[in-house]
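Here's a quick tour of a helix pair and of a protein–DNA surface. Have the structure open while you read.

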Protein chains: 2
Amino acid sequence: MGETIKNISKEQIISAAAKLFRQKGYASSSMRDIASSLHIEAASLYHHIKNKEEILEIICFSMAKRFLDAIAEVNDIYFNAEEKLRKAILFHVEIITEDIDKSAVFLREWRSLPDTFLQDFLRLRNQYESDFTRIIENGIEEDLFETTDKKFAVLSILSSVNWINEWYQTEGKMRPNEIAERISDFVMGGLRKKLVTDIHYRP
Amino acid sequence: MGETIKNISKEQIISAAAKLFRQKGYASSSMRDIASSLHIEAASLYHHIKNKEEILEIICFSMAKRFLDAIAEVNDIYFNAEEKLRKAILFHVEIITEDIDKSAVFLREWRSLPDTFLQDFLRLRNQYESDFTRIIENGIEEDLFETTDKKFAVLSILSSVNWINEWYQTEGKMRPNEIAERISDFVMGGLRKKLVTDIHYRP
DNA sequence: ATGTTTGCCTAACAATCGTTAGACAAAAAT
DNA sequence: ATTTTTGTCTAACGATTGTTAGGCAAACAT
């Protein structure tokens, strides 16, 4: 018969699970589904992982870490608020497009985390949001941005960036930096041609 | 003992289900969960509905109809593209805030629809998107809007509007029309103070 | 060469799932 | 007054769930 040893790694299990979780959702993906996508039996998974919830935890928290590390880097390096915002958006898009499966799980399936982990997770998510908000605040202080409601602006920006997870395809022709640029342009106010200030515009 | 007849309506079942589907997701909400939230037994549900999937179908398609009717009304009544866009956003926000449970299911849980219904559902969703896109196109023709990528603008707008489902609370102080106004303002380019044209700005 | 560890397997478990059958009482229709 | 319909119930079904126990062969350590 075939080899009995296939040496599946923990990372392979996580990736296979993420792919399924994205397609069918966490609750609808069984351990047998995950196992058979790796051509092993469900019981074999437990040699590598504690249980099903651990898989979800690892995906959600590793992605959270990536996002938080990215925005920390932005705040370390750049000073100008617009540069910061553009770079933050670029990093965000890059992280999402680098692994659409895991980022889909991060964005959608975190609700299935057990209660204690859910609280930690939401803390991290709030941290990320407030780091983003800080950038907008910087922009306002620098007299670059103008917005009535910071919180609102951040949520609009993040929702736009997160939405790319719904339609992005690796085979697609649009590269992450193109996507990030278009979102940035749009966010910076690209849609409307005539602003109030344009009333005074003289070429 | 107590009354044996409670006369639960189909709509009560749908609402109770929507509430649970929002909290725990479709797959993680059992028929017994739905039943016990109505103080009846699971088997009793089947006097009112065909099966579990039917509940999801009804929620998803009734919400889809609301959204499509709303944007059809916008296109019937208004002519100016900015008015259209603002009204379309207002209706969208109103529909979402009117029933956060059902709209959450519409936005998140449609993936669990059986294949045939899923295709119909996505057709309706694309219809809505292209109705929205048409408004942006109108705006460009009217020389009101300026955007490199229409599809992109629409997706950004819709994602921003849909995101309110994540944080909106009925008890919150913000009314739907306030929310719609802020989103509209933001979308119309409220964030950035200094545009390229502002280089030439002379007060 | 021998013993230990690793990585898979088969088999089974209790729990829970959606759903159906059939009984029974209240309400409505005749 | 009798029949029919309606809305619930209890009980059970087969399937599937996450998980555990225990076996066995390959790989590794000594």
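The crossing of H5(B) and H7(B) is left-handed, meaning that the near helix is turned anticlockwise from the far one by less than a right angle. The contact (heavy atoms within 4.5 Å) uses B:Ala81, B:Lys84, B:Leu85, B:Ala88, B:Ile89 and B:His92 on the H5(B) side, and B:Tyr128, B:Phe132, B:Ile135, B:Ile136, B:Asn138 and B:Gly139 on the H7(B) side. Sorted by class, that gives eight nonpolar, three polar and one charged residues. The axes of H5 (residues 81-98) and H7 (residues 115-141), both of chain B, come within 8 Å and cross at roughly 150°. The two helices are therefore roughly antiparallel, a label for angles over 145 degrees.

This is a predicted model, where local features need pLDDT of at least 70, side-chain atom pairs count only at pLDDT 80 or more, and totals for chains, interfaces and linings use all residues. Residues are numbered from 1 along each chain as written, chains are lettered from A and ligands numbered from 1 in the order written, and side-chain values use heavy atoms, leaving out hydrogens and water.

Now for DNA strand D: 20 residues surround the strand, with B:Asn7, B:Glu41, B:Ser44, B:His47 and B:His48 the closest. Near here means a heavy atom within 4 Å. Sugar and phosphate make up 55% of the strand D atoms that come within 4 Å of the protein. Some polar contacts (N or O pairs within 3.5 Å):

| Protein atom (N or O) | Strand D atom | Distance |
|---|---|---|
| B:Ile8 backbone | phosphate oxygen | 3.0 Å |
| B:Arg32 side chain | base nitrogen | 3.4 Å |
| B:Ser44 side chain | phosphate oxygen | 2.6 Å |

Methods
Axes fitted to C-alpha atoms, helices over the stretch in contact; angles between N-to-C directions. Helix = DSSP H or I, 4+ residues; strand = E, 2+ residues; numbered from the N terminus. Parallel < 35°, antiparallel > 145°, perpendicular 65-115°, else oblique. Nonpolar A, V, L, I, M, F, W, Y, C, P; charged D, E, K, R; others polar. Polar contact = N/O pair within 3.5 Å; in protein donor to acceptor, adjacent residues only side chain to side chain.
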